[in-house]
Amino acid sequence: VALPDKELQTLSQRTKEKTHQSNNLLSHVQSQDPDLLHRALRENLQQGGLEQFVIETVAPLIKEIGDAWAFDNLPIYAEHQATQVIQRVLSQAISAIAADRFNKQAVMTTIAGERHQLGLLMAEAIFTTRGIKTINLGTETPLTEIPQAVHHYSADILALSFSQIQSRSVVVESLQALCSQLPRGIQVIAGGQSIGQYKRLP
């Protein structure tokens, strides 16, 4: 199946624009100027809306930042600084969405030993745009207390984030333990770089 020439040109142009934007954002990270990065991220957010911003801007940028750090092209403090700026932009955008749009409720957290909270914020942003109210517990909630939180907040959804530091066995065991303690009807959603490494989880 082939796309018409006009559609191919549009897709090619959009890809070039996104690549250019991504390169610009990474250069702002490497320049270690938080104000410049903040302004650039806000401009990207205003161009396409929050969900598109998370998927097409934040997710690729996080990967590029991680790659730059892994190849010694970015110091740890600069990576931390950029993460704080991204989190601030996401938090501001989430808080600006009207509460009367919500029709479901999700409890969000990570398990003990999982300190990365950016994945939670990204998921929270997407949930919020889709009319789901989020109760973000932050990171490292004890496994035994997560079902209690779901019950306390009368949540419809439990969302968990697993970064690349988590092994497959930890992910599987955690999900199995939680699912066995949750009542039927609660939707469990797991995301993050660790989940993306596996084609299938029980």
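The following exercises, each with a worked solution, concern the predicted model shown above.

Residues are numbered from 1 along each chain as its sequence is written, and side-chain values use heavy atoms, with hydrogens and water left out. Because this is a predicted model, local features need pLDDT of at least 70 and side-chain atom pairs count only at pLDDT 80 or more, while totals for chains, interfaces and linings use all residues.

**Exercise 1. Overall make-up and confidence**

Task: State which elements the chain has, and where the pLDDT is lowest and highest among them.

Solution.
1. The chain has 8 helices and 4 strands. Helices (H or I, at least four residues) and strands (E, at least two) are DSSP runs, numbered from the N terminus.
2. Read from the N terminus, the order of the elements is α-α-α-α-β-α-β-α-β-α-β-α.
3. The average pLDDT of the chain is 85, and 85% of the residues score at least 70; pLDDT is the predictor's confidence in each residue, from 0 to 100.
4. Among the elements, helix α6 (residues 146–152) has the highest mean pLDDT, 97, and α1 the lowest, 62.
5. Over residues 7–16 the pLDDT stays under 50, and the model has 4 contacts beyond four places in sequence for this stretch. A contact means heavy atoms within 4.5 Å. Where pLDDT is low, the predicted coordinates should not be read in detail.

**Exercise 2. The sheet**

Task: Establish the strand order of the sheet and identify the strands at its edges.

Solution.
1. The 4 strands form an open sheet in the order β2-β1-β3-β4, and the pairing is parallel.
2. β2 (132–136) and β4 (187–191) each have a single partner strand, so one side of each is left without a neighbour in the sheet. From one strand to the next, the twist averages 25°.
3. Two strands count as paired if DSSP finds at least two bridges between them. β1 (residues 104–109) pairs with β2 over 5 bridges, β1 with β3 over 4 bridges, and β3 with β4 over 5 bridges.
4. Individual positions fix the register: A106 has T134 in β2 as its bridge partner, and T109 stands opposite L160 in β3.

**Exercise 3. Crossovers and the enclosed strand**

Task: Determine the handedness of the β-α-β crossovers from β1 to β2 and from β3 to β4, and decide whether β3 is enclosed or open to the outside.

Solution.
1. V107 stands opposite I135 in β2. The chain passes from β1 through α5 to β2 in a right-handed crossover. Right-handed means that, with the strands pointing away from the viewer, the path from the first strand over the helix to the second runs clockwise.
2. L160 stands opposite A190 in β4. From β3 the chain reaches β4 through helix α7 (residues 168–181), and this crossover is right-handed.
3. For β3, 5 of the 5 residues are buried, so the strand is largely enclosed by the rest of the structure. Buried means under 20% relative accessible area, exposed over 50%, and partly exposed in between (1.4 Å probe, protein chains only).
4. Both faces of β3 are covered, with I157, A159 and S161 on one side and L158 and L160 on the other.

**Exercise 4. The surroundings of T128**

Task: Describe where T128 lies and what its side chain reaches.

Solution.
1. T128 belongs to helix α5 (residues 118–129). This helix lies across β1, β2, β3 (157–161) and β4, running at about 155° to β2. Axes are lines fitted to C-alpha atoms, for helices over the stretch in contact, and angles run from 0 to 180 degrees between N-to-C directions.
2. With a relative accessible area of 2%, T128 is buried.
3. Its side chain reaches the backbone oxygen of E124 at 2.6 Å.
4. Not counting residues up to four places away in sequence, T128 touches I94, I97, F102 and T134.

**Exercise 5. Two residues with positive phi**

Task: Locate Q32 and S154 and classify their exposure.

Solution.
1. Q32 is in the loop between α1 and α2 (34–48); its phi is near 60°, a positive value in a residue other than glycine. At 29% relative accessibility, Q32 is partly exposed.
2. S154 is in the loop between α6 and β3, and its phi is near 50°. With a relative accessible area of 57%, S154 is exposed.

Technical notes. Polar contact = N/O pair within 3.5 Å; in protein donor to acceptor, adjacent residues only side chain to side chain.
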